[in-house]
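Got your viewer open? Let's take a short walk through this protein, one selection at a time.

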Amino acid sequence: MPPQALAEDLRHAPPPGLVIAAPASGIGKTTVTLGLLRALRDDGMTVQAFKNGPDYIDPGFHTAAGTRPSYNLDLWAMDAPLVDAVLSAAAGADLVLSEGAMGLYDGSAAPGVAGRGSSAEVATRFGWPAVLVLDVAGQAQTAAAIAYGLARHPDAPPLAGVILNHVAGARHEMMIREEMARLGITVFGALPRRSDLALPSRHLGLVQAEEQPDLELVLSRLGAFLRDHVDLAGLVATARSGGAQGAGAWPAPPAQRIAFARDAAFSFAYPHLIEGWRRAGAEILPFSPLADEAPDPSADLVWLPGGYPELHAGRLAACDTFRAGVTRFAQTRPVHGECGGYMVLGEALIDAQGVRHRMLGLLRHATSFRQRRLHLGYRRAELVAPIPGQAPGARLFGHEFHYATLLDPRDAPLARIRDAQGNPVPETGSARGTVTGSFFHLIAAAA
C-alpha cells in the first residue's frame, strides 16, 4: 500500500476566513454561502470553501459555486494532522468561507477527538470571525437580541456581523438595523424574501448538486442576489486568519486500485478521503451501478459508498451486469459498503411502499424503509474484523444518518460501535468472507 501522503507545509499563514453560521438549521446558511461563493468568484476572488461537520451534500454545491473543491472540517472526528491536511487545500486562495452546521454552538453530546464539532469551535480554532445569518421573518428588534446573546456566549468566537434573511420590506429592515446599531452589531446585508431561489431538498438534505440540471442558472442568480443586497467589500474586510498551520497527514488509501461506485444511488463520500487516496498515489476507478456497469476486474478493492439506493431500488435490482461483476469480484478480493452500499450488499431492500427488491446478497440481511426510523449521530467503532486498510482493533470515527431498519442480520459483527456519548449501537455492521459493510460513514481512523 502506498505510504500515507503528507500535505505540503503552509509556508505562509493560510488565507483569512469567515464562518457562515446561524442560530439553527433551516435559516439560510447554504443559500448565503453559495451566493457569496459565486459573487466573490465573479468578482475575481479565489475562495476556498469548507463545510463544518459530517455533510456529504453541501461540499458538492460549494464546489459548483466556487469552482474549487470543498472539504469537510470536523473537530469531533479529525485529529490535528488531518485537520491541518484539509486546511492545506486553502493554499493559494484569497479567502476562506466555512459553512457551519445547525446552530453556532450545536455539536455532539460528548467531545470527540478535538471538540464537539460545533461551528463556534471551528471559528475559534482557525481564528475566523463568524457571520450570522438570521431569519428575521416574524420578528424585528428581537433579531438583534439573538445576535447579541450569541456574540456574548462564554465560548463565542469574534462576531464579524450579520446578514438578515427573509426581510419583509424597507420598514422591517430599518427597525432591525436600528436595534443592531444600538447594540454595536454590523449588518452586512438584508435579503428580501425570494422563493424562486430555494434549493429542493429530500430526507437527507438538499437534492444533490449533480441531480439539478439548472444548478448553474440558480447559482448565477444567487450570486447576483447577494451582490445586490450585501456589502461584499465590508464583509471580506472583516475576515481574519489564526496564523500558520503545519504539515498534515491525509488519509492513507485502503488499496492501490479502487473500483468506486459513483452515480445518483452512490454519491455520499467525504471529499477529504478521496483526495487523500489520490495524493497517496491510489487510482480511483469509477463505475455506475445504475448504468449496470461492473467494477473494473483489475481493481484491488470495490467500495460502495452511501447514497440513495432506496430511490433506485427497482433499477438496481434489474442490474444483472453489476450484480454478476461484484459477486465475481468478491470471490477473491475485498468489497466494502457504507450505509447505502451496505444496504445494497444485503439480500433485499424494502422501499417505503413495502415493495421488496432483490439486492446483491453478499451479506445476509435486509433493510426496510417501510417504517422510517431516524438513525443520526457520530459513531466510534472498534473493528473486530478487518476492513480494507484497517486491521481488527483499529479505532474509527464516523457518522450515521439514514432512515432504514436492519432486518434479520445473520453475519458476524464487523465492529463494536458506540455513539458519541459511549452508548452501544446495536447495528454492528457485518463481515462475511471478503465482504464487509456498516451503516456508518468513515471520517477518520485514530492515530
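Helices and strands here are DSSP runs, numbered from the N terminus. Keep in mind as you click around that this is a predicted model.

**Stop one: Ser-118.** Select Ser-118, and you'll land in the loop between strand S4 (95-99) and helix H4 (119-126). Is Ser-118 buried or exposed? It counts as buried, because its relative accessibility is 6%. Now show what surrounds Ser-118: leaving out residues up to four places away in sequence, it touches Asn-52, Leu-104, Tyr-105, Asp-106 and Gly-107.

**Stop two: strand S23.** Next, select residues 435-438, which make up strand S23. Turn on the side chains: Val-435 and Gly-437 point one way, Thr-436 and Ser-438 point the other way, and all are buried. Add strand S13 (residues 335-338), which runs parallel to S23 and is joined to it by four bridges. One pair to pick out is Gly-337 with its bridge partner in S23, Gly-437.

Then bring in strand S22 (residues 430-432), which is antiparallel to S23, with three bridges joining them. Here Arg-432 has Val-435 as its bridge partner. S22 and S23 form a hairpin with two residues between the strands, and there Gly-433 takes a positive phi near 60 degrees.

**Last stop: two cysteines.** Select Cys-319 and Cys-339. Why is there no bond between them? The sulfur of Cys-339 is 19 Å from the closest cysteine sulfur, in Cys-319, so it is too far for a bond; a disulfide needs the sulfur atoms within 2.5 Å. The disulfide count comes to zero. Cys-319 is buried at 5% relative accessible area, and Cys-339 is buried at 5% too.

Note on methods:
Residues are numbered from 1 along each chain as its sequence is written. This is a predicted model: local features need pLDDT of at least 70, side-chain atom pairs count only at pLDDT 80 or more; totals for chains, interfaces and linings use all residues. Side-chain values use heavy atoms; hydrogens and water are left out. Buried means under 20% relative accessible area, exposed over 50%, partly exposed in between (1.4 Å probe, protein chains only). Contact means heavy atoms within 4.5 Å. Two strands pair if DSSP finds at least two bridges between them.
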